[in-house]
Amino acid sequence: MVLSTVVCGSTNLAFELDHNHTNGTNVVTAKKEQSYNVRKEIALGWNKHTPCSLDIKEPEVNDELTGATEAYMADVLARYTDRWLERTKHNLGYQLNSDFNYDALGPLQRLSINNAGDPFIAGNYGVHSRDFEVGVLDWFARLWEINKNEYWGYVTSGGTEGNLHGLLIGREMFPDGILYASKEAHYSVFKVARMYRMNCVKVETLASGVIDCRDLKKCLLNNKDKPAIMNMAIGTTVKGAIDDIDLVVQTLEECGFPRNRFYIHCDAALFGLMLPFLNQAPHITFKKPIDSVCVSGHKFVGTPMPCGVQMIRIEHINALARTNVEYIATMDTTIMGSRNGQAPVFLWYALNRKGYNGLKKEVQNCLILARYLKDRLREAGVSVMLNELSNTVVFERPQDEEFIRYWQLSCQGNIAHVIVMPNMTKKTLDTFLDELVEERWIWFKDGKNQPPCVASDIGKENCVCPLHI
Ligand SMILES: *Cc1c(COP(=O)(O)O)cnc(C)c1O
């Protein structure tokens, strides 16, 4: 496995030497001691190679006798595991659920399980987990309301691969189609547009982060002669905003796009497993005129490796099913060649354990905690927004980059967010809130600094900067 410590040199050093953090002792002092407080500018050339502290070493000739390599590796792994555990505890900004236990699947590590090819066509390689894969897919088919004989799907490497697959089908069905995505859609959607050289129109969003259907209308009317390939953000990454499928379909109809002139892909990386469990929520359902849905497995469910699920209407798979690969004796209907055969087993295991009811409880808890966090931030005089049915609490960007890094807050411009995932506890959020309140007092005490204005990011009504208070 490649360990990517994607950080600048100095922070990298902190990672290595950071034993205080690891033990959880004196965390705040350890944090303050680092004078590092510069916003990371991501620019060309930033990804230059930095010295690596984990060079692979050739074993000594007498290594078997001394056991030096084993001992060295055990030491490194123990240190990193401590660090990873500590960092896992302080991840508030990234959509990962770390609350899982797959110990029962330990023996799988001795196997090379590979699901190359189409999940519904047995190939010649015998060590596969297609039965698990189809079990997982059937479970999602029920969730997203499509009959077993009407869907096609597979377990992917994550939400991005789902977008790559769904939008590829859209393009194969409509080679001259135009891709429409809101400007707050996930970055992978725009990467897809570049990779496939699709014409892509970025649609405006409202302050909440949802696609602005008035702007969509304008864009569609400008391109009436070309079919529409729509990307729906079912939960944007930054604001947790849910594009309204019904309103988009209505807009398409109003602009003169009949059903056979549009394709709708739903990017539901996180919310695909949340909305179905909320009674009040707009359901993700194939009863609506949608064509594909994808979700990530490592996000709401939580798995040790990135994975996801992609589901489409079965008739669409013919757009990709042109290639029969004799070599693997199956059809090349997926994006990847070899596919992770462990992932379907992990998903199968988690979904069996949790069931619809377990997930429902987790979703409800997340929303309760998200509301709690929002209320407490507001009480503390922090600009904050929480979309309805969302676990993504958006608020003013903290002034201290080390604070941001410590809590792993994901930031964009003047805003930051906390995503309340099932592994998060009220206690962790309280610690975070207490620290934030304490730090804010320091940042703003002499009046030289002022809380940033976030009216253009989350709306005037949510902004309590000096101008809008
Ligand atoms: C996380 C996310 C993705 C990408 O999913 P990966 O599993 O990280 O590839 C795509 N879309 C949205 C809306 C996301 O939040």
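Modeller: Let's start with a term: a residue is called buried if 20 or more other C-beta atoms lie within 10 Å of its own, exposed if 12 or fewer, and partly exposed in between. Please keep in mind that this is a predicted model.

Colleague: Thanks! What percentage of the residues of the chain count as buried?

Modeller: The chain contains 14 helices and 13 strands. Its length is 469 residues, and the share that counts as buried is 39%.

Colleague: And among contacts between residues at least 6 apart in sequence, what percentage join residues at least 24 apart?

Modeller: These are contacts within the chain between residues at least 6 apart in sequence. The share that joins residues at least 24 apart is 70%.

Colleague: Let's turn to the sheets. Which strands stand at the edges of the sheet of seven strands?

Modeller: This open sheet has mixed pairing and runs in the order S1-S7-S6-S5-S4-S2-S3. Each edge strand has a single partner, so one of its sides is left without a neighbour in the sheet; the two are S1 and S3 (199-203).

Colleague: By how many degrees are neighbouring strands of that sheet turned against each other on average?

Modeller: The sheet in question is the open one of seven strands. With direction ignored, the average turn between neighbouring strands is 15 degrees.

Colleague: Which strands does helix H6 lie across?

Modeller: Helix H6 covers residues 130-143. H6 runs at about 65 degrees to S7, and the strands under discussion are S1 and S7.

Colleague: Now strand S6: how many of its residues are buried?

Modeller: In a regular strand, side chains take turns between the two faces of the sheet. In S6, Ser292, Cys294 and Ser296 point one way while Val293 and Val295 point the other way, and all are buried. For this strand, residues 292-296, the count of buried residues is therefore five of five.

Colleague: Which residue of S7 stands opposite Cys294?

Modeller: S6 pairs with S5 (residues 262-267) in the parallel sense over three bridges, and Asp267 stands opposite Cys294. With S7 (residues 308-313), S6 runs antiparallel and is joined by five bridges. There Val293 has Met311 as its bridge partner, and opposite Cys294 stands Gln310.

Colleague: What is the average twist in the sheet of four strands?

Modeller: The strands of this open sheet pair antiparallel in the order S10-S11-S13-S12. Strands S10 (384-386) and S12 (410-412) each have a single partner, so each is left with one side lacking a neighbour in the sheet. From one strand to the next, the twist averages 25 degrees.

Colleague: Which residue of S13 is the bridge partner of Glu396?

Modeller: S11 (residues 392-396) and S13 (residues 415-419) run antiparallel and are joined by five bridges. In S13, Glu396 is partnered by Ile415.

Colleague: Which helix packs on that sheet?

Modeller: The helix touches S10, S11 and S13, and its direction makes about 160 degrees with that of S10. It spans residues 342-379 and is H11.

Colleague: Is Glu362 buried or exposed?

Modeller: Glu362 is found in helix H11. Its C-alpha atom is 5.8 Å from that of Pro422, although the two are 60 residues apart along the chain. Because Glu362 has 22 C-beta neighbours inside 10 Å, it counts as buried.

Colleague: What is the handedness of the crossing of H9 and H10?

Modeller: The axes of H9 (residues 213-222) and H10 (residues 245-254) come within 10 Å and cross at roughly 30 degrees. The residues that meet include Leu216 and Leu220 in H9 and Leu247 and Val248 in H10. By class, the contact has six nonpolar, one polar and two charged residues. The crossing itself is right-handed.

Colleague: Where is Leu389, with its positive phi?

Modeller: Most residues other than glycine have a negative phi. Leu389 is not a glycine, yet its phi is about 60 degrees. With 18 C-beta neighbours inside 10 Å, Leu389 counts as partly exposed. Its place is the loop between S10 and S11.

Colleague: Last one: how many charged residues are in the shell around the ligand?

Modeller: There are 16 residues around the ligand, and Gly158, Gly159, Thr160, His186 and Ala269 come nearest. The shell divides into four nonpolar residues, eleven polar, and, for charged, one.

Methods
Residues are numbered from 1 along each chain as its sequence is written. This is a predicted model: local features need pLDDT of at least 70, side-chain atom pairs count only at pLDDT 80 or more; totals for chains, interfaces and linings use all residues. A residue is near a molecule or strand if its C-beta atom, placed from the backbone, lies within 6 Å of it. Ala, Val, Leu, Ile, Met, Phe, Trp, Tyr, Cys and Pro count as nonpolar, Asp, Glu, Lys and Arg as charged, and the others, Gly among them, as polar. Two strands pair if DSSP finds at least two bridges between them. Axes are lines fitted to C-alpha atoms, for helices over the stretch in contact, and angles run from 0 to 180 degrees between N-to-C directions. Two residues are in contact if their C-beta atoms, placed from the backbone, lie within 7 Å. A crossing is left-handed if the near helix is turned anticlockwise from the far one by less than a right angle, and right-handed if clockwise.
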